[in-house]
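User: Hi! Could you take a close look at a single part of this structure, with an eye to how well it is covered by the rest, and then place it in the wider picture?

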Amino acid sequence: MFETAVVAFTTFFATIGPVDVAALYAALTTAAAPVARRSMALRGTVLAALILLLFALFGDAVLRSLGVSLAALQLGGGILLLLIGIDMVFVRPSGGTGATPAEAREAAARHDVAVFPLATPLIAGPGAMSATMLLMAQTQGQWQAEVLVILMLLLVLALTLVLLLVASRIQQWLGVTGMQVISRVFGVLLTALAAQFMIDGVRHSGLLG
């Protein structure tokens, strides 16, 4: 159970990227009043939580209806997480964990960023959605493990909300270098986890006999 919790927390932290989300949120809301910033942070995090919980609870059923096996999800999700991890290590913008340049430009013109781009794709992006379904599928129906994965998801989302509420201070404390160090460390961990997911996918697929 401890291993499940560590893997889930690390994967969610890497794919959601609370520090990166907070930094971009601070840049997008510089002209907003403190009350408005707190409101957008809360609404955006709650909406993202609802989106990811839907993927956690019903993602497996949707995949089963499409005929997608656990091995295929492990391989496909592992490849996606590997690409995201590589981008994190090299500190490159990734559409898998955040907004694309075009989306960021569109968001800059908005007064309320709670739904877009905060809730999605910054918090509940493709990487986080894939990670949620993959981690839930890995539990193989063990309800204790499923609850633990969901608790780790909620923990990372709660941490994300806290960082959003102090986003401007985070930028001052860490600076660009500090944020990049955090990104690289979790990028390395994510690439290792992605490789393990792919190895498990090959093993479960029966390709090796």
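Analyst: Happy to! A residue counts as buried when its relative accessible area is under 20%, as exposed when that value is over 50%, and as partly exposed in between. Please keep in mind that this is a predicted model. By that cut-off, 46% of the 209 residues in the protein chain are buried.

The part I would pick is helix α2, which covers residues 18-28. This helix is mostly covered, with eight of its 11 residues buried. The buried set begins with P18 and V19, goes on through V21, A22 and A23, and ends with Y25, A26 and L28. For reading such a list along a helix, it helps to recall that an α-helix has 3.6 residues a turn, so residues three or four places apart point the same way.

Now for the surroundings. Helix α2 belongs to a chain with nine helices and zero strands, so to speak a run of α-α-α-α-α-α-α-α-α from the N terminus on. For 209 residues, a compact globule would be expected to have a radius of gyration near 17 Å, and the 17 Å of the protein chain agrees with this. Along the principal axes, the C-alpha trace spans about 60 × 35 × 30 Å. Contacts tell you how the sequence comes together: among those between residues at least 6 apart in sequence, 84% join residues at least 24 apart.

What about the outside? The protein chain exposes about 10400 Å², and carbon and sulfur atoms supply 69% of that area. On the charge side, there are 10 positive and 9 negative side chains, and the centres of the two sets lie 10 Å apart.

Two other spots may interest you as a computational chemist. One is aromatic: a search of the whole structure finds two aromatic pairs, and ring pairs link F9, F13 and F186 into a cluster. A pair of aromatic rings is described by the distance of the centres and the angle of the planes.

The other spot is in the backbone of helix α6, residues 114-123, where P117 lies. The peptide bond leading from F116 to P117 is cis, with omega near 5 degrees. P121 lies in helix α6 too, and the bond from T120 to P121 is likewise cis, with omega near 15 degrees.

To come back to your request: α2 is a helix with eight of its 11 residues buried, set in a chain where buried residues make up 46%.

Key: Residues are numbered from 1 along each chain as its sequence is written. This is a predicted model: local features need pLDDT of at least 70, side-chain atom pairs count only at pLDDT 80 or more; totals for chains, interfaces and linings use all residues. Side-chain values use heavy atoms; hydrogens and water are left out. Rings of Phe, Tyr and Trp (its six-membered ring) pair if their centres lie within 6.5 Å; planes under 30 degrees apart count as stacked, over 60 as edge-to-face and the rest as tilted. Buried means under 20% relative accessible area, exposed over 50%, partly exposed in between (1.4 Å probe, protein chains only). Helices (H or I, at least four residues) and strands (E, at least two) are DSSP runs, numbered from the N terminus. The radius of gyration is taken over C-alpha atoms; the globule rule is 2.2 Å times the number of residues to the power 0.38. Contact means heavy atoms within 4.5 Å. Accessible areas come from the Shrake-Rupley method with a 1.4 Å probe; for residues, only the protein chains shown count as cover. Lys and Arg count as positive and Asp and Glu as negative; His and the chain ends are not counted. The place of a charge is taken as NZ of Lys, CZ of Arg, CG of Asp or CD of Glu.
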